[in-house]
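This report describes the fold of a protein chain for a reader who is new to structural analysis. Please keep the sequence and the structure in view while reading.

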Amino acid sequence: MDIGGVAALVSGGASGLGRATAAALVAAGAKVALLDINGVAAEAAAKELGGVGLACDVTSAAAAEAAVAAAREKHGPARIVVNCAGIGRAGRIVDRDGKPMALDQFRQVVEVNLIGSFNLLRVAAADMAGLDPLADGERGVILLTASIAAYDGQIGQAAYSASKGGIVGLTLPAARELARYGIRVAAIAPGVFATPMLAGLPEAAQTSLAAGVPFPQRLGRPEEYAALALHICANRMINGEVIRLDGALRMPPR
Ligand SMILES: NC(=O)c1ccc[n+]([C@@H]2O[C@H](COP(=O)([O-])OP(=O)(O)OC[C@H]3O[C@@H](n4cnc5c(N)ncnc54)[C@H](O)[C@@H]3O)[C@@H](O)[C@H]2O)c1
């Protein structure tokens, strides 16, 4: 799809990978709405980048519907949706004191990362399905963010990996179902990227994660995620696939 002039939604747009993608979309001429649970940060980022910032908790059906409607009001219906809202909360299934993980902890991670992504996908897809088709009959593209933790989840990542495994499992059936409308669905599975989410880890953990990347031996840059996101938007043959973006990193058990 030609990105210039198209309306786009970016969830988690206030920070990290979402923010970098929003910036790249704006630079490519898209009209971008940044949706984030942190509405103040979304508005501040939108002001800086040139877009509209909207408070939206992606786990809420009503909030997603309202945010998509507000963005439509401002920019017209979105043909590009990039799901970057997510949380990463580590925890063992059975902790060192022998206590089981609180069920709500598992539920919350799946709720935000998996159900939240599906929520925006379903609302945006319904909107896109009614649009006029563009070249090749394309109506839109929806991008999901998985993680390499979906494939090589570490000890302490049971909830996070399960949520991202759900994204991997969602990508193909969503692409197959929405193909009849000319809507593509694809996902990026990032390795380790230098974002505020990763900055939450101790310095030593960040250094060791970076050292584990075969090449280039460093953390990924949010702009590198954004570059792939924009390529997926532009390249109509990419559909139903999850693309690892990880410098060949395969995470060890711990
Ligand atoms: N940084 C990495 O190394 C890495 C690796 C693999 C996957 N990912 C995934 O990439 C995505 C973006 O991560 P990031 O590193 O940019 O993190 P980040 O913390 O910098 O940004 C995430 C954004 O999502 C927002 N958010 C959280 N819960 C939300 C909700 N319920 N509704 C709406 N917005 C919500 C946050 O406010 C924040 O602005 C996440 O899905 C994450 O799991 C990141």
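The following paragraphs treat the sheet, the helices beside it, the nonpolar core and some residues of special backbone geometry.

The model is predicted rather than determined by experiment, and its local features are described where pLDDT is at least 70.

## The sheet

Seven strands form an open sheet, with parallel pairing and the order 3-2-1-4-5-6-7. The edges are taken by strand 3 and strand 7 (242–245); each has a single partner strand, so one side of each is left without a neighbour in the sheet. From one strand to the next, the twist averages 20 degrees.

Strand 2 offers a good place to study this arrangement in detail. On one side, strand 2 pairs with strand 1 (residues 7–11) in the parallel sense, over five bridges. Within this pairing, Ala7 is placed opposite Lys31 of strand 2. Between the two strands the chain passes through helix 1 (residues 16–27), and the resulting β-α-β crossover is right-handed.

Strand 2 is also joined to strand 3 (residues 52–55) by four bridges, and these two strands run parallel. Here Ala33 stands opposite Val52 of strand 3, while Asp36 has Ala55 as its bridge partner in strand 3. The chain reaches strand 3 from strand 2 through helix 2 (residues 39–49), again by a right-handed β-α-β crossover.

Are the faces of strand 2 covered or uncovered? Both are covered: Lys31, Ala33 and Leu35 are buried on one side, and Val32, Leu34 and Asp36 are buried on the other. Thus six of the six residues in strand 2 (residues 31–36) are buried.

## Helices beside the sheet

Helix 1 packs on the sheet, where it touches strand 1, strand 2, strand 4 (80–83), strand 5 (140–145) and strand 6 (183–190). The direction of helix 1 makes about 165 degrees with that of strand 1.

Which residues of helix 2 are buried? They are Ala42, Ala45, Ala46 and Leu49. Viewed down the axis of helix 2, the buried residues fall within an arc of 100 degrees, so they line one face of the helix. These buried residues pack against helix 1, strand 2 and strand 3. The face of helix 2 turned away from the buried side carries Val40 and Lys47, which are exposed. After helix 2 comes Gly50, with a positive phi near 95 degrees.

## The nonpolar core

In soluble globular proteins, nonpolar side chains tend to be buried together. The largest nonpolar core of this model has 74 residues, and the members that touch the most others are Ala8, Leu9, Val10, Leu34, Ile80, Ala124 and Leu143. Helix 4 (residues 103–128) gives the most to this core, contributing eight residues.

Leu9 illustrates how residues from separate parts of the sequence come into contact. Apart from neighbours within four places in sequence, Leu9 is in contact with Ala33, Leu35, Val68, Ala71, Ala78, Val81 and Ala124.

## Exposure and backbone geometry

Two residues other than glycine have a positive phi, and the table below lists their values.

| Residue | Phi | Other C-beta atoms within 10 Å |
|---|---|---|
| Asp136 | about 65 degrees | 9 |
| Ala248 | near 70 degrees | 10 |

Asp136 belongs to the loop between helix 4 and strand 5, and Ala248 to the segment after strand 7. A residue counts as exposed if 12 or fewer other C-beta atoms lie within 10 Å of its own. Asp136 is therefore exposed, with 9 such atoms, and Ala248 is therefore exposed, with 10.

Ala158, found in helix 5 (residues 158–178), provides a further case. With 19 other C-beta atoms within 10 Å, Ala158 is partly exposed, because 20 or more would be needed for a residue to be buried. Ala158 and Arg254 are 96 residues apart in sequence, and their C-alpha atoms are 12 Å apart in space.

A final feature concerns a peptide bond. Phe215 and Pro216 are joined by a cis peptide bond, with an omega of about -5 degrees. Pro216 lies in the loop between helix 7 (203–211) and helix 8 (222–234).

Technical notes: Residues are numbered from 1 along each chain as its sequence is written. This is a predicted model: local features need pLDDT of at least 70, side-chain atom pairs count only at pLDDT 80 or more; totals for chains, interfaces and linings use all residues. Two strands pair if DSSP finds at least two bridges between them. A crossover is right-handed if, with the strands pointing away from the viewer, the path from the first strand over the helix to the second runs clockwise. Axes are lines fitted to C-alpha atoms, for helices over the stretch in contact, and angles run from 0 to 180 degrees between N-to-C directions. Two residues are in contact if their C-beta atoms, placed from the backbone, lie within 7 Å. A nonpolar core is a set of buried Ala, Val, Leu, Ile, Met, Phe, Trp, Tyr and Cys residues joined through C-beta atoms within 7 Å. The arc is that of the directions from the helix axis to the C-beta atoms.
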